[in-house]
Amino acid sequence: MSLLSRVRERAPKLRDYCQAKGYNTHIALFVDLGRHSGLCRFVVWDFDEAKAIITSPVSHGSGSQTPHKRSCYALTSNDDGSHLSSIGRALVAERYVGRYGVAYRLDGLDDTNSNLRKRCVVLHGWEYTTSIPIWPLSTVGSFGCPVLSRRVMARVDTILQQEKCVVLMTFM
């Protein structure tokens, strides 16, 4: 099944959740960790138009034993120190400028990602993450953060500065 089909399948349920919780019902972010990391698997989704605004590759956590290893499929964990990505819904919280440039803190909304803030897992850009698919190669790994190319992160940042209480849904 294609990335957009998988997102389209999940979008109505996420919009209902966002509406019930008072979160943004116009825009959401999706990360499909079930796809190879060299493919597009990050989506900025427009609920109103039921379409993707941005699609891009995104890095995932490489694990504590192999930092920045090029692994093409993600393992997941909510454990501090695992350096793995977490699945579930997260609120895109405050914007800041740090070591990797513009970044957004993430607050996990599910049991599977409740430690995101404690683990310092944030959405950010990085010069070593690609903005175009490179399959069969894989993207560089992270310490658990969803990491976009700097170019894509700049586009996402523009959207996130206009939209508040946006939810990021990471799934397999």
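A residue counts as buried when its relative accessible area is under 20%. In this predicted model, Ser142 has a relative accessible area of 5% and is therefore buried.

**Surroundings of Ser142**

Ser142 belongs to the loop that connects β6 (122-126) with β7 (147-149). Its side chain takes part in two polar contacts with backbone atoms, tabulated here.

| Side chain | Backbone atom | Distance |
|---|---|---|
| Ser142 | oxygen of Cys145 | 2.7 Å |
| Ser142 | nitrogen of Gly61 | 3.5 Å |

**The sheet**

β6 and β7, the strands that flank this loop, are part of an open sheet of 8 strands with mixed pairing, arranged in the order β3-β2-β1-β8-β4-β5-β6-β7. At its edges stand β3 (51-56) and β7, each of which pairs on one side only. From one strand to the next, the twist averages 30°. Within the sheet, β2 (residues 42-46) is antiparallel to β3, and 5 bridges join the two strands. Val44, for example, has Ile54 of β3 as its bridge partner.

**Helices on the sheet**

Helix α1 (residues 3-21) packs on the sheet and touches β1 (27-32), β2, β3, β4 (88-98) and β8 (167-171). The direction of α1 makes about 55° with that of β2. Helix α2 (residues 150-162) lies across β1, β2, β3, β4, β5 (101-108), β6 and β7. Relative to the edge strand β7, α2 runs at about 110°.

Note on methods:
Residues are numbered from 1 along each chain as its sequence is written. This is a predicted model: local features need pLDDT of at least 70, side-chain atom pairs count only at pLDDT 80 or more; totals for chains, interfaces and linings use all residues. Side-chain values use heavy atoms; hydrogens and water are left out. Helices (H or I, at least four residues) and strands (E, at least two) are DSSP runs, numbered from the N terminus. Buried means under 20% relative accessible area, exposed over 50%, partly exposed in between (1.4 Å probe, protein chains only). A polar contact is a pair of N or O atoms within 3.5 Å; within protein, one must be able to donate a hydrogen and the other to accept it, and residues adjacent in sequence count only if both atoms are side-chain atoms. Two strands pair if DSSP finds at least two bridges between them. Axes are lines fitted to C-alpha atoms, for helices over the stretch in contact, and angles run from 0 to 180 degrees between N-to-C directions. Contact means heavy atoms within 4.5 Å.
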